[in-house]
Amino acid sequence: MAQLATPPAKWTQRYPDLGTGLVSYEDSISPEFYELEREAIFRRAWLNVGRVEQLPRKGSYFTKELAVAKTSLLVTRDLAGEIHAFHNVCRHRGNKLVWDHTPRTESSGVCRQFMCKYHGWRYGVDGALKFVLQEEEFFDFDKADFPLVSVHCEVWEGFVFVNLAERPSQSLRDFLGPMVLGLEGYPFHLCGERYAFKSEISSNWKIFLDAFQEYYHASVLHAQQQVPSLRSFESGYKIPHFQIDGPHRLVSTGGWKGVPRHLTPPDQMYPIEHATRSGLMGPWDRPDIPELDPANLPPGLNPGNLQPWSISNFQIFPNFVILVYERGWYLTYQYWPTSVGTHDWEMSYYFPPARTASERIRHEVTAVVSKEAALQDAATLDGTQMGLESRAIDKFPLSDQELTVRHHHKVVGDWVEAYLRDGKDARA
Ligand code: FES
Ligand SMILES: [Fe+2]
């Protein structure tokens, strides 16, 4: 996306391709558009399905249900330590290979071989077919011809990505591009204590994603959790740094108008926050880990060089978000469409492993308080989806503070357009 060399006063105008006109949300309510998105975006873009910590040992695996692509994936670490992704489908007669309680529930574990529950074919964790019951009954049969069907899989900074295209047109690194690659060197590997939640949401996936990429709503919807200078229906909050690179976006915040959360007066927060010294922005005391000291973090984490810096919110196309907090922790969100008007939302909070009971409690308080703020966002979505589906209004104004929303819908539209124009060879 073109960026002007001499930036005008408004962020949106730095990216003239975006325009400043009214925006349609037909892309969030049209069943036909949703069908196009499945092919144009979710079968072509690199998708984050988890982290390497979910595959801690040789033989570790997890399954990932991707309703949007009508498939289930099996992600494994083989006996040599390599990470793979496969379609979770038996080569014999198509049964789902790995599941525990019901075929639609995700599962994880450690094993040496996967055995199909139907006729007992067995596969190694590297996908090789190892055993066929009554093999001599088959015709011209060689087990080497029937491994699990693999899916392109690459790991970046411990994040496991897959690409469902037959031949992705870009490597993962090329797809991520310089702005997201600026995160390289952040000590993600030191933040292995994970709190994960999942929720079924009654809105198009983009509607919720929009709610976490603009802060225009913060002083109203989250008024209860704001410092006094922000707790206003009148004054709002201005983002000090936006950045766009290809299909991805970055929003960075500074210290909340110079009042960091840990300096907020006690009567402006939940008692549990004050009692534990932890809350929405994380534990107030940064862990004593040199790699997490802001002075040692990669400059690409805060490319606007905000001082004080508070959060960098990387919106990685199409449905993956990494928020890194100055207090030494990070979180991720994923939005997995299940229909035009529903999606599964996943959030994970990552901290350096607690060394004391009080550190552990602080992590839990941050996870719970942060989850509550997220549920305040979620509570609006049903109403927004209903309002859009009424089609009473077909075009909406977006402010400069909602530049990211404008960009996201444009990129989604561009990918669908490229797919319609170039068919199977559309970009990936
Ligand atoms: S379908 Fe898996 S062994 Fe028959
Ligand atoms: Fe919010």
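Start by selecting C111 and C116. The sulfur of C111 has its closest cysteine sulfur in C116, 14 Å away, which is too far for a bond. This is a predicted model, so read each stop as a feature of the prediction.

**Stop 1: the cysteines**

Stay on C111. Is C111 buried or exposed? C111 is buried, at a relative accessible area of 16%. A disulfide is a covalent bond between the sulfur atoms of two cysteines. Look for one anywhere in the model and the count is 0. Now select C90. C90 is buried as well. Its relative accessible area is 5%.

**Stop 2: the whole protein**

Zoom out and show the cartoon. How many helices and strands are there? The protein has 8 helices and 19 strands. Along the principal axes, the C-alpha atoms fill a box of roughly 75 × 55 × 40 Å. The radius of gyration is 23 Å. A compact globule of 428 residues would come near 22 Å, so the value for the protein agrees with that.

Colour by burial next. Of the 428 residues, 54% count as buried. Then switch on the surface. The protein exposes about 19000 Å². Carbon and sulfur atoms supply 52% of that area.

Now think about contacts along the chain. Take those with a separation of 6 or more. Residues 24 or more positions apart account for 65% of them.

Colour the charges last. There are 44 positive and 53 negative charges in the protein. How far apart are their mean positions? The two mean positions are 2 Å apart.

**Stop 3: helix α2**

Select residues 172–181. This is helix α2. Why is α2 described as largely enclosed by the rest of the structure? Because 7 of its 10 residues are buried. Show their side chains: L172, F175, L176, G177, M179, V180 and L181.

What do these buried residues pack against? Add the partners one at a time. Begin with β9 (150–156) and β10 (159–163). Next come β12 (241–245) and β13 (248–254). Then add β16 (309–316). Finish with the helix α8 (403–422). Keep β9, β10 and β16 on screen for the stops that follow.

**Stop 4: two cis peptide bonds**

Go to the start of β16. Select Q307 and P308. The peptide bond from Q307 to P308 is cis, with omega near -5°. P308 is found in the loop between β15 (282–283) and β16.

Move to the other end of β16. Select F317 and P318. The peptide bond from F317 to P318 is also cis, and its omega is near 0°. Where does P318 lie? P318 sits in the loop between β16 and β17 (320–325).

**Stop 5: two positive phi angles**

Return to β9. Select Q134, in the loop between β8 (129–131) and β9. Q134 is not a glycine, yet its phi is positive, about 50°. Q134 is partly exposed, with a relative accessible area of 47%.

Now follow β9 to its other end. Select E157, in the loop between β9 and β10. What is the phi of E157? The angle is positive, about 50°, although E157 is not a glycine. With a relative accessibility of 29%, E157 counts as partly exposed.

**Last view**

Show α2 with β9 and β10 once more. The buried residues of α2 pack against both strands, and E157 lies in the loop between those strands.

Definitions and conventions: Residues are numbered from 1 along each chain as its sequence is written. Chains are lettered from A and ligands numbered from 1 in the order in which they are written. This is a predicted model: local features need pLDDT of at least 70, side-chain atom pairs count only at pLDDT 80 or more; totals for chains, interfaces and linings use all residues. Side-chain values use heavy atoms; hydrogens and water are left out. Buried means under 20% relative accessible area, exposed over 50%, partly exposed in between (1.4 Å probe, protein chains only). Helices (H or I, at least four residues) and strands (E, at least two) are DSSP runs, numbered from the N terminus. Contact means heavy atoms within 4.5 Å. The radius of gyration is taken over C-alpha atoms; the globule rule is 2.2 Å times the number of residues to the power 0.38. Accessible areas come from the Shrake-Rupley method with a 1.4 Å probe; for residues, only the protein chains shown count as cover. Lys and Arg count as positive and Asp and Glu as negative; His and the chain ends are not counted. The place of a charge is taken as NZ of Lys, CZ of Arg, CG of Asp or CD of Glu. A disulfide is a pair of cysteine sulfur atoms within 2.5 Å.
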